[in-house]
Amino acid sequence: MIHAVFLINRQLPSKLLSNCCPYQLLYGSLPDIDNIKVFGSLCYLSSLTSHRSKFDAWARKCAFLGHKAGVKGFLAYDVHSKQIVPSRNVTFHELTFCLGMQNC
């Protein structure tokens with residue numbers, strides 16, 4: 001739900017706002033949409049070198065859930081541990097989706 005509200009406030013123009021998006025009215029410029037990613041797409045969270053040993057995995061397979069308010073980073077659902085994890089070090093594969101988490 002938070003991801004949908006984030007997109008609406010950033011990109012969608014409204015007739016009530018004279019065909020402008022809320023971000024444009026608040027800040028006087030168009031929003032930067034370079035960091036918007038596809039909801040539910042496959043992503044890999046990179047693990048820090050200080051938290052892994054030589055034989056540990058370098059990344060965790062996850063599904064992208066959206067943005068976390070007040071944090072520079074993304075929320076992802078870890079497929080193996082079944083946890084929601086915030087992270088800044090993420091690699092996205094936006095053409096592959098984790099629908100139902102069976103094909104991740």
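What follows is a walk through the sheet, the salt bridge and the aromatic pairs of this structure. Keep in mind that the model is predicted.

Let's start with the sheet. Five strands make it up, it is open, and reading across it you meet them in the order β4-β3-β2-β1-β5, with antiparallel pairing. The edges belong to β4 (84-87) and β5; each has a single partner strand, so one side of each has no neighbour in the sheet. The sheet isn't flat-on from strand to strand either: ignoring direction, neighbouring strands are turned by 40 degrees against each other on average.

Now look at one pairing inside that order. Strand β1 (residues 41-46) runs antiparallel to β2, and five bridges join the two. If you want a landmark there, find Tyr44, which sits opposite Lys61 in β2.

Staying with β2, we come to the charged residues. The structure has one salt bridge, and its partners are the side chains of Arg60 and Asp78, 2.9 Å apart from N to O. Arg60 belongs to strand β2 and Asp78 to strand β3 (residues 74-78), so this contact links distant parts of the chain, 18 residues apart. How exposed are the two partners? Arg60 has 32% relative accessibility and so counts as partly exposed, whereas Asp78, with a relative accessible area of 5%, is buried.

On to the rings. Two numbers are worth having in mind here: a pair of aromatic rings is described by the distance of the centres and the angle of the planes. Searching the whole structure turns up four aromatic pairs. One of them is Tyr23 with Tyr27, a tilted pair with 4.6 Å centre to centre and 45 degrees between the planes. Why are these two about one helical turn apart? Because they are four residues apart in helix α2 (residues 22-27). Tyr27 itself is exposed, at 56% relative accessible area.

Phe64 and Phe92 make another pair, this time edge-to-face, with 5.3 Å between centres and 85 degrees between planes. This pair, too, links distant parts of the chain: Phe64 lies in strand β2 (residues 59-67), Phe92 lies in strand β5 (residues 90-97), and 28 residues separate them. Are they buried or exposed? Both Phe64 and Phe92 are buried. Phe74 joins the picture as well, since ring pairs link Phe64, Phe74 and Phe92 into a cluster.

Terms used
Residues are numbered from 1 along each chain as its sequence is written. This is a predicted model: local features need pLDDT of at least 70, side-chain atom pairs count only at pLDDT 80 or more; totals for chains, interfaces and linings use all residues. Side-chain values use heavy atoms; hydrogens and water are left out. Rings of Phe, Tyr and Trp (its six-membered ring) pair if their centres lie within 6.5 Å; planes under 30 degrees apart count as stacked, over 60 as edge-to-face and the rest as tilted. Buried means under 20% relative accessible area, exposed over 50%, partly exposed in between (1.4 Å probe, protein chains only). Two strands pair if DSSP finds at least two bridges between them. Axes are lines fitted to C-alpha atoms, for helices over the stretch in contact, and angles run from 0 to 180 degrees between N-to-C directions. A salt bridge is a side-chain nitrogen of Lys or Arg within 4 Å of a carboxyl oxygen of Asp or Glu.
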